[in-house]
Amino acid sequence: MAFRNIRKWAQAQLFQSDPSINEYFPETVQFSVDALRDFLNRYPFVYVKPDGGGQGKGIIRIGLKMDGLYSVHGYSTKGKPFSLEVHDLNQIKEIIQPTSFDEKHRIFILQQGITSISKDGVPSGIRVHTQKVQNKWVRSGILGKLVSSEDGIVNRNRGAEAIPIEEFLTHHAGMDKKKAKKVEKEIKHISLRVSQAFSKGYPWCEECGIDIGLDPSGKPWIFEVNTIPSTAFFYQLPDKSMWRQIMNNRKQNKKEKQ
């Protein structure tokens, strides 16, 4: 079976069916105006994401302002950035599903927003790269990510930069070395559990690029799993050892299949 990315709603259902990993996954439902209204009554901000696609395209961040208007920041499905304010949540539906055809065929998910920022208030995240090598899941790489944008979308295609994980956790997340090691160990444990769950549901899955955020308490939250993960972030790092490890594992897996 050919490798492919698993759609966001299918990912959400996989997380929700497994209590051991669901606690690290933000509340997620299929988009509707009623669901959006409910989420904004319970969370400071939310994300609306297209079920398919990538590179940050079509992702929108929505929050309620003090004046009663809703702030909307994000990208069109073609990747064009936009920012506006609306007074009626039905206007969001008009933006993402303007026709009855779109409503029927273009699925969007609604996800609880998690505040994942550096100590200086910069949107941040973590990318973990896992691989199945000789039938065992291993963590091949981990790094931090920072980006300057109002929408908080920490994506390489949206200008995010890669940071070595120790520097990220101590200098940017403001942790002491003891806590940084504890958090990194927890992230590794969670990432391997998630990878195992994905390969159980999708036996062809051999690699995962797991996007993680840290809330103000330091708890990891998994935003998304990419099953055709890019290695570009790891190549950005001055130390290329993790990038080389990922590529070597790929070569080994390819060789074993020949």
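Gln134 is found in the loop between strand S7 and strand S8 (136–146). The model is predicted. This briefing covers that loop, the packing of helices against H7, and several individual residues.

**Loop between S7 and S8**
- Gln134 has a phi near 50°, a positive value in a residue other than glycine.
- With a relative accessible area of 59%, Gln134 is exposed, because the cut-off for exposed is over 50%.
- Asn135 is found in the loop between S7 and S8 as well.
- The phi of Asn135 is also positive, at about 65°, although Asn135 is not a glycine.
- Asn135 has a relative accessible area of 66% and is therefore exposed.

**His129 in strand S7**
- Strand S7 spans residues 124–133 and includes His129.
- The relative accessible area of His129 is 0%, so His129 is buried.
- The side chain of His129 makes a polar contact of 2.7 Å with the side chain of Glu207.
- Leaving out residues up to four places away in sequence, His129 touches Val138, Arg139, Ser140, Gly141, Glu207, Cys208, Pro229, Ser230, Thr231, Phe234, Ile246 and Arg250.
- Glu207 therefore appears both in the polar contact of His129 and in the list of residues that His129 touches, where contact means heavy atoms within 4.5 Å.

**Helix H1 against helix H7**
- The axes of H1 and H7 (residues 177–201) come within 11 Å and cross at roughly 110°.
- H1 and H7 are therefore roughly perpendicular to each other, since angles of 65 to 115 degrees fall in that class.
- The crossing of H1 past H7 is right-handed.
- On the H1 side the residues that meet H7 are Gln11, Leu14 and Phe15, and on the H7 side they are Val194, Ala197 and Phe198.
- This contact of H1 with H7 has 5 nonpolar residues, 1 polar residue and no charged residues.

**Helix H6 against helix H7**
- Helix H6 (residues 165–172) and H7 have axes that come within 9 Å and cross at roughly 130°.
- That angle makes H6 oblique to H7, because it lies outside the ranges for roughly parallel, roughly antiparallel and roughly perpendicular.
- H6 passes H7 in a right-handed crossing.
- H6 contributes Ile165, Glu166, Leu169 and Thr170 to the contact, and H7 contributes Lys177, Ala180, Val183 and Glu184.
- By class, the contact of H6 with H7 divides into 4 nonpolar, 1 polar and 3 charged residues.

**His189 in helix H7**
- His189 is found in helix H7.
- His189 has a relative accessible area of 46% and so counts as partly exposed.
- The C-alpha atoms of His189 and Arg139 are 9.3 Å apart, with their positions 50 residues apart along the chain.
- Arg139 is also one of the residues that His129 touches.

**Lys8 in helix H1**
- Lys8 lies in helix H1, which covers residues 8–16.
- Lys8 counts as buried because its relative accessibility is 8%, and the cut-off for buried is under 20%.
- A polar atom of the Lys8 side chain lies 3.4 Å from the backbone oxygen of Pro50.

**Tyr70 in strand S4**
- Tyr70 lies in strand S4, residues 70–75.
- The relative accessible area of Tyr70 is 15%, which means that Tyr70 is buried.
- Neighbours within four places in sequence aside, Tyr70 is in contact with Leu40, Ile62, Gly63, Leu64, Leu84, Glu85, Val86, His87 and Leu89.
- Leu84, one of these contacts, is 14 residues from Tyr70 in sequence and 8.4 Å away in space, C-alpha to C-alpha.

**Pro220 in strand S11**
- Pro220 is found in strand S11, residues 220–226.
- Pro220 has a relative accessible area of 1% and is therefore buried.
- Not counting residues up to four places away in sequence, Pro220 touches Tyr24, Glu186, Ile187, Ile190, Ile212, Gly213 and Leu214.
- Pro220 and Ile6 are 214 residues apart along the chain, and their C-alpha atoms are separated by 21 Å.

Notes: Residues are numbered from 1 along each chain as its sequence is written. This is a predicted model: local features need pLDDT of at least 70, side-chain atom pairs count only at pLDDT 80 or more; totals for chains, interfaces and linings use all residues. Side-chain values use heavy atoms; hydrogens and water are left out. Helices (H or I, at least four residues) and strands (E, at least two) are DSSP runs, numbered from the N terminus. Buried means under 20% relative accessible area, exposed over 50%, partly exposed in between (1.4 Å probe, protein chains only). A polar contact is a pair of N or O atoms within 3.5 Å; within protein, one must be able to donate a hydrogen and the other to accept it, and residues adjacent in sequence count only if both atoms are side-chain atoms. Axes are lines fitted to C-alpha atoms, for helices over the stretch in contact, and angles run from 0 to 180 degrees between N-to-C directions. Angles under 35 degrees count as roughly parallel, over 145 as roughly antiparallel, 65 to 115 as roughly perpendicular and the rest as oblique. A crossing is left-handed if the near helix is turned anticlockwise from the far one by less than a right angle, and right-handed if clockwise. Ala, Val, Leu, Ile, Met, Phe, Trp, Tyr, Cys and Pro count as nonpolar, Asp, Glu, Lys and Arg as charged, and the others, Gly among them, as polar.
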